[in-house]
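Student: I would like to understand how the words used for a protein model are justified. Could we go through one model together and test each word against its definition?

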Amino acid sequence: MVSRVIPVDTFDLVIFGGTGDLARRKILPGLYVRFLAGQIPEDARIVGAARSEFDDDGYRSFVSESIAEFVAKSKQDKTAISEFLKCIHYVPIDALGKGGWPDLAKLMRLDTIRAFYLSVGPRLFGPLAERLHAHGIANDKSRIVVEKPFGRDLKSACALNAVLAESFEEHQIYRIDHYLGKETVQNLMAVRFGNILFEPLWNSQYVDHIQITVAETVGVGGRGGYYDKSGAMRDMVQNHMMQLLCLIAMEPPSTFEPDAVRDEKLKVIRALDPVESHEIVRGQYLEGENGASYQIEAENPDSHAESFIALRTHISNWRWNGTPIYLRTGKRLRARVSEIAVVFKDPPHSIFGPQEGRRGNVLVIRLQPDEGMNLRVTIKEPGPGGMRLIEVPLDMSFAEALGNDGDDIPDAYERLIMDVIRGNQTLFMRGDEVEAAWAWTDPIIAAWEDRHDKPKPYDPGSSGPEDSLMLLHRDGRRWREIR
Ligand code: BG6
């Protein structure tokens with residue numbers, strides 16, 4: 001199926017941190033792919049801004065190398081690349097001083113959408129926002145995009161919000177959580193609110209529990225320095241998993257307008273119960289055949305940061321009262337899989353008598369890899385000799401159903417950057433959402449710090465520490481296998 005591309009209006013996009021890793025791996029390749037698809041007009045300007053002393057041509061070589069490395073070969077089209085490179089400019093800039101700002105101002109066109117992507121550490125958010133205004137580069141119609149981590153606790157997140165608010169209105173601020181740009185994550189809303197089938201069952205009367213798993217096979221690698229100050233709770237749970245939880249649990253918004261959606265997400269976060277220490281298991285990977293231990297990679301032999309976390313939480317509202325939600329994420333696990341499983345209750349009465357080993361309906365939404373949905377249903381085992389029931393999957397791979405291959409599923413960044421240009425904030429976090437998520441996270445982290453909690457070791461290639469299995473066993477449930 002050929003996807004419909006609606007071109008955006010022309011724009012000037014400045015990428016601060018334009019020579020950084022995120023720009024190289026995601027932002028620039030993503031922009032090229034949108035250009036190739038015909039979504040970006042030929043007169044758009046994409047301006048790299050960083051400390052390095054590149055000129056336009058030097059930066060164009062940087063961009064073309066990043067395309068060669070990070071764009072699928074099937075999409076590397078020589079003519080399109082050379083056309084795209086004409087949109088590329090570069091300005092060496094001193095984020096904390098005066099250098100480069102007048103040059104940047106000169107590049108901006110009147111009456112053109114202006115977007116500023118701050119792909120830099122949060123300590124530069126304030127100085128950059130302030131200089132954009134001082135040099136007349138930002139105006140009322142400009143948009144500013146900021147990357148995670150958005151703070152490391154409630155206090156720092158409030159401070160960042162305050163600093164941005166000095167120069168930009170909330171409707172101009174785009175806080176990125178790249179999970180929201182994933183095609184299947186958006187599909188959560190389409191599946192829930194575009195079908196009548198699921199919504200009547202989507203509550204604690206019918207749903208026994210929900211499991212959200214984001215398992216990775218990679219370790220922290222070269223990111224140990226950052227990761228060791230974050231751990232999985234700050235790196236994954238406070239943001240990505242929280243967003244998944246919101247989309248799966250929120251009430252139907254009355255429209256798909258940004259604030260209607262974000263209001264509902266906020267209500268979910270605010271209704272989350274505090275998590276008690278016995279409801280959390282933290283882990284840290286040991287050395288294995290394919291790599292060093294977490295502590296070696298993080299270069300911190302005494303590290304207490306968790307590379308794995310599993311927890312149980314509840315949403316205290318009418319819809320979800322009594323339905324536990326289990327979250328689990330970790331690095332160096334058995335397989336790379338992100339999925340949400342909605343596990344339904346058994347029918348109230350079995351007309352077939354007791355059936356050994358039978359399990360109920362489960363709706364699994366696979367976010368990656370192999371995006372798709374799978375519904376486990378009960379049928380009769382074929383053959384004579386009585387009514388024996390078995391479960392079979394009703395399996396739907398989105399790629400198969402839509403007749404495209406994996407390359408056609410746009411990367412999260414492609415979608416999100418186009419939304420910035422269109423001025424659509426639906427898939428971006430509002431300031432109060434981020435603060436509410438930290439308000440829930442902070443006491444959990446503070447409790448570990450108070451009791452000097454140490455993560456449990458686990459073998460790489462496993463499903464995490466044994467204790468995480470107990471978290472569900474105690475409730476008479478079990479995790480889905482990571483595979
Ligand atoms: C990032 C985290 O935000 O998300 C990483 O900092 C993590 O630690 C990554 O590996 C996972 O993203 P994805 O898109 O690969 O699931």
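Tutor: What follows is a conversation about this structure, which is a predicted model.

Student: Why is Asp-111 called exposed?

Tutor: Asp-111 lies in the loop between α4 (101-107) and β4, and its relative accessible area is 82%. The word exposed is used for values over 50%, so Asp-111, with 82%, is called exposed.

Student: What makes the backbone of Asp-111 worth a remark?

Tutor: Asp-111 has a positive phi of about 55°, although it is not a glycine. Most residues other than glycine have a negative phi. His-452, in the loop between α14 (431-450) and β15 (456-458), also has a positive phi, of about 50°, and is not a glycine either. His-452 counts as exposed because its relative accessibility is 62%, and the cut-off is over 50%.

Student: How do you know whether Ser-142 is buried or exposed?

Tutor: The relative accessible area of Ser-142 is 1%, and a residue is buried when the value is under 20%, so Ser-142 is called buried. Ser-142 is placed in the loop between α5 and β5, where its side chain reaches the backbone nitrogen of Asn-139 at 2.7 Å.

Student: Why is strand β4 described as largely enclosed?

Tutor: Strand β4 is described in this way because six of its six residues are buried. On one side of β4 are Ile-113, Ala-115 and Tyr-117, on the other are Arg-114, Phe-116 and Leu-118, and both faces are covered.

Student: What makes β4 and β5 a pair of strands?

Tutor: Two strands pair if there are at least two bridges between them, and β4 (residues 113-118) and β5 are joined over four bridges, in the parallel sense. Four bridges satisfy that requirement, so the two strands count as a pair. Among the residues facing each other, Ala-115 stands opposite Arg-143 in β5, and Tyr-117 stands opposite Val-145 in β5. Between these two strands the chain passes through helix α5 (residues 125-134), and this β-α-β crossover is right-handed.

Student: Which other strands pair with β4 or with β5?

Tutor: β1 is joined to β4 by six bridges and runs parallel to it, with Val-14 standing opposite Phe-116 in β4. On β5, three bridges lead to strand β6 (residues 173-175), and these two strands also run parallel; here Ile-173 in β6 is the bridge partner of Ile-144. From β5 the chain crosses through helix α6 (residues 154-167) to β6, again in a right-handed β-α-β crossover.

Student: Which way do the residues of β5 point?

Tutor: In β5 (residues 143-146), Arg-143 and Val-145 point one way, while Ile-144 and Val-146 point the other way, and all of them are buried.

Student: How do you know that His-178 makes a polar contact with the ligand?

Tutor: A polar side-chain atom of His-178 lies 2.8 Å from an oxygen atom of the ligand. A polar contact is a pair of N or O atoms within 3.5 Å, so the pair at His-178 qualifies. The same reasoning applies to His-240, where an N or O atom in the side chain is 2.7 Å from an oxygen atom of the ligand, and to Lys-331, where a polar side-chain atom is 2.8 Å from a ligand oxygen atom. Taken alone, the ligand exposes 400 Å², and the protein buries 81% of that.

Student: What makes up the shell around the ligand?

Tutor: By class, the shell has two nonpolar, three polar and seven charged residues. Among the residues around the ligand are Lys-148, Glu-216, Arg-223, Asp-235 and Gln-368. The largest share of the shell, three residues, comes from helix α9 (residues 231-249).

Student: What is remarked on in the peptide bonds after Lys-148 and Gln-368?

Tutor: The bond from Lys-148 to Pro-149 is cis, with omega near 5°, and the bond from Gln-368 to Pro-369 is also cis, with omega near -15°. Most peptide bonds are trans. Pro-149 lies in the loop between β5 and α6, and Pro-369 in the loop between β12 (362-368) and β13 (372-380).

How values were computed
Residues numbered from 1 in each chain as written. Predicted model: local features only at pLDDT ≥ 70, side-chain atom pairs only at ≥ 80, totals over all residues. Heavy atoms only, no water. Buried < 20%, exposed > 50% of the residue type's maximum accessible area, 1.4 Å probe, protein only. Right-handed = clockwise from strand over helix to strand, strands pointing away. Near = heavy atom within 4 Å. Polar contact = N/O pair within 3.5 Å; in protein donor to acceptor, adjacent residues only side chain to side chain. Areas by Shrake-Rupley, 256 points an atom, 1.4 Å probe, with all protein chains shown as cover. Nonpolar A, V, L, I, M, F, W, Y, C, P; charged D, E, K, R; others polar.
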